[in-house]
Amino acid sequence: MTTNISHQFLKEYHLPTWDELPNIDVYMDQLITIVEDAVGPLYHFQTTKKLTPSMVNNYVKLQLIPRPVKKKYQKQHIARLIVITILKQVFDIASIQESIDIETKETNSQIAYDKFCQYFQETLDIFLNSSTQKVEATLYQDMAPIHLACITVISKIFTEISLAHLIAHLTHNQIEKDD
């Protein structure tokens, strides 16, 4: 029995950029819906909630996202939660927080988020467009999931190395600046 599971939905996927996020402050239930709508297609085969009110409250406590203003969340909250929801599938919260802090320290939330969207789309396009026939053939082989899992792990290792180098570089520059 052959199951015809397609990755066609990914070809139509678009991560909303900063300008495409709502310009109005939203309440928790609206926030959850917006983030779920933005990342939901990425988790096509998963049935669990990607974001819950308790997760949002924990992220506020961890200072991963700013406190809401009068129980309302702004565009910056939405953008950060989209990034967190995507990255937490592979990385621990501490690593995500460190990465967000570095990116937003050097720029601002809008530039950092749009850069994330750009890199995400470029990476998705590489998987979708690099020899689409080969990718489709590979996706249906028995070993494809383990191959893709290996790509994920190796990518995570390289990300951790890159982050460590960046932190060391920033720390070194800060020490020189303080002297």
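Of the 179 residues in this chain, 29% count as buried, where buried means under 20% relative accessible area, exposed means over 50%, and partly exposed is what lies in between (1.4 Å probe, protein chains only). Keep in mind that this is a predicted model, in which local features need pLDDT of at least 70, side-chain atom pairs count only at pLDDT 80 or more, and totals for chains, interfaces and linings use all residues. Residues are numbered from 1 along each chain as its sequence is written, and side-chain values use heavy atoms, with hydrogens and water left out.

Let's start with the overall layout. You'll find eight helices and zero strands here; from the N terminus on, the order is α-α-α-α-α-α-α-α. Helices (H or I, at least four residues) and strands (E, at least two) are DSSP runs, numbered from the N terminus. How does the chain touch itself? Take the contacts with a separation of 6 or more: 72% of them join residues 24 or more positions apart, a contact being heavy atoms within 4.5 Å. On the outside, the chain exposes about 11700 Å², and carbon and sulfur atoms supply 58% of that area. Accessible areas come from the Shrake-Rupley method with a 1.4 Å probe, and for residues only the protein chains shown count as cover.

Now for the inside. In soluble globular proteins, nonpolar side chains tend to be buried together. The largest nonpolar core here has 35 residues, and L31, V56, L81, I82 and Y113 touch the most other members. Such a core is a set of buried Ala, Val, Leu, Ile, Met, Phe, Trp, Tyr and Cys residues joined through side-chain atoms within 4.5 Å. Two or more residues of this core come from each of helix 2 (28–39), helix 3 (53–61), helix 4 (75–87), helix 5 (93–106) and helix 6 (109–129). Which helix gives the most? That's helix 4, with seven residues.

Y113 is worth a look of its own. Leaving out residues up to four places away in sequence, Y113 touches L15, P16, T17, W18, L21, A79, I82 and V83. Y113 also turns up where helix 4 and helix 6 meet: Q76, A79, R80, I82, V83, I86 and L87 in helix 4 are in contact with S109, Y113, F116 and F120 in helix 6. By class, this contact has eight nonpolar, two polar and one charged residues. Ala, Val, Leu, Ile, Met, Phe, Trp, Tyr, Cys and Pro count as nonpolar, Asp, Glu, Lys and Arg as charged, and the others, Gly among them, as polar.

What about the angle between helix 4 and helix 6? Their axes come within 10 Å and cross at roughly 35°; axes are lines fitted to C-alpha atoms, for helices over the stretch in contact, and angles run from 0 to 180 degrees between N-to-C directions. The crossing is left-handed, meaning the near helix is turned anticlockwise from the far one by less than a right angle; clockwise would be right-handed.

Further along helix 6 sits L128, which is buried at a relative accessible area of 6%. L128 and L10 are 118 residues apart in sequence, but their C-alpha atoms are 8.0 Å apart in space. T152, in helix 8 (residues 144–178), is partly exposed at 36%. Its C-alpha atom is 7.9 Å from that of V90, 62 residues apart along the chain. T33 belongs to helix 2 and is partly exposed too, at 45%.

Finally, visit the loop between helix 3 and helix 4, home to K70 and K71. Most residues other than glycine have a negative phi. What is phi for K70? It is near 55°, a positive value in a residue other than glycine. K71 also has a positive phi, of about 65°, although it is not a glycine. Both side by side in that loop, K70 is exposed at 77% relative accessibility, and K71 is exposed at 66%.
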